[in-house]
Structures are given as structure tokens and as C-alpha cells.
Amino acid sequence: MAEHRLQDHHQQQHQQRPGGDPRGLLQEKGPSKQQILAVVAGVPIGGFFLVLSGLTLTGTLIGLTLTTPLFVICSPVLVPAALTIALAVAGFLTSGAFGITALSSLSWIINYLRRSGRMPEQLEQAKRRVQETTGQVGQKAREAGQKAQEQTRT
């Protein structure tokens with residue numbers, strides 16, 4: 001049964017190729033001019049960047065070798081400074097990640113509610129409460145402003 005399927009697969013492949021010869025497809029179609037140009041331009045550029053990365057790595061290792069004694073001598077100052085800077089950078093990155101997560105979550109919720117066409121009952125109640133609270137705060141602010149104006153007049 002498996003041999004029959006394998007033979008059918010080979011027959012289909014031979015029918016799809018022009019001339020029935022599996023090598024015919026490769027002989028008829030070679031690389032295009034664009035592909036050749038891409039290889040001709042890409043190999044030197046890739047080689048240049050590979051050499052540049054090797055030089056950078058070598059320079060980094062030489063610099064680290066030369067400055068390691070200085071780091072050991074100055075370590076009571078450098079280690080706390082490096083830790084402080086690392087913690088500050090980690091804090092800023094974490095803060096940004098949490099902010100992006102919060103904004104994407106809120107965006108997802110808003111898009112979900114827009115797609116559903118109606119808000120769930122709990123969100124409707126929360127929306128009413130927010131509107132009522134906003135109205136009360138606005139009314140208190142107006143009253144406080146009027147009282148402040150009356151006090152300045154007298």
C-alpha cells in the first residue's frame with residue numbers, strides 16, 4: 001500500500017516537470033540576472049561586515065585585557081557605580097515594559113468592546129458611576145470657586 005502511494009507520488013512529480021526529466025527543470029532555468037547581481041554584491045558586503053565584526057571583537061578583547069588591572073585597583077568605586085547604573089537602567093526598562101503592557105491591554109479591551117457592539121452590564125454600571133462622580137466633583141469645584149470669589153469680594 002505504501003509502495004503504491006510512493007509510486008503515485010513519483011508519477012505526479014514526473015508529470016509536473018517538463019519533458020518528464022527531473023534534470024530538465026534545472027537545465028532549462030538557471031539563476032536570473034538579479035540573483036547573480038545580488039550574490040556578486042552581497043558576498044563582498046557580507047565579507048566586509050564579517051571582517052569588521054572580527055576587528056571589533058579583537059579590539060574589545062585587547063581593551064579588556066589592558067583595562068582589567070585598572071578595574072581591579074578601582075573596584076571599590078566602580079562596582080557600586082556599575083550596580084547603581086545597572087539597577088537604574090533595569091528600572092527604566094521595566095517601567096517602560098509595564099507601561100507598554102498596560103497600554104496594549106487597554107487597547108485590546110477597547111477594541112473588544114467596540115467589536116462586540118455592546119458593553120457588559122458591569123462596565124455600564126462602572127461607566128455610570130464614573131459619570132456621576134465626575135459630575136459631583138465638577139459641582140463641588142464650582143461651589144468652591146463661587147465661595148472663593150465671594151470671599152475675595154468681601
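**Figure 1. The protein chain reads α-α-α-α-α from start to finish.** Welcome to this predicted model, whose protein chain holds 5 helices and 0 strands. Buried residues account for 1% of the 154 residues in the chain. The accessible surface of the chain adds up to about 14,000 Å², and carbon and sulfur atoms contribute 66% of that area.

**Figure 2. Confidence in the protein chain is lowest in helix α1 and highest in helix α4.** A look at these two helices helps in reading the rest of the model. Helix α1 spans residues 2–16 and has a mean pLDDT of 52, while helix α4, residues 75–116, reaches a mean of 85. For the protein chain as a whole the mean pLDDT is 77, with 77% of its residues at 70 or more.

**Figure 3. An unreviewed UniProt entry annotates residues 36–57 and 77–110 as "transmembrane region".** Take the two stretches in turn. In the model, residues 36–57 are 100% helix and 0% strand, and the C-alpha atoms at the ends of this stretch sit 32 Å apart. Residues 77–110 are likewise 100% helix and 0% strand, with 50 Å between the end C-alpha atoms.

**Figure 4. A nonpolar patch on the surface brings together L103, L106, W108, I109 and Y112.** Together these residues offer about 570 Å² of accessible area. Do zoom in on L106, which belongs to helix α4. L106 counts as exposed because its relative accessibility is 51%, and the cut-off for exposed is over 50%.

Technical notes: Residues are numbered from 1 along each chain as its sequence is written. This is a predicted model: local features need pLDDT of at least 70, side-chain atom pairs count only at pLDDT 80 or more; totals for chains, interfaces and linings use all residues. Side-chain values use heavy atoms; hydrogens and water are left out. pLDDT is the predictor's confidence in each residue, from 0 to 100. Helices (H or I, at least four residues) and strands (E, at least two) are DSSP runs, numbered from the N terminus. Buried means under 20% relative accessible area, exposed over 50%, partly exposed in between (1.4 Å probe, protein chains only). Accessible areas come from the Shrake-Rupley method with a 1.4 Å probe; for residues, only the protein chains shown count as cover. UniProt positions are given in the numbering used here, feature names are shortened, and annotations may be inferred rather than shown by experiment. Patches are made of residues with over 30% relative accessible area and no salt bridge: like charges are joined within 9 Å, nonpolar side chains (Val, Leu, Ile, Met, Phe, Trp, Tyr) within 5 Å. A salt bridge is a side-chain nitrogen of Lys or Arg within 4 Å of a carboxyl oxygen of Asp or Glu.
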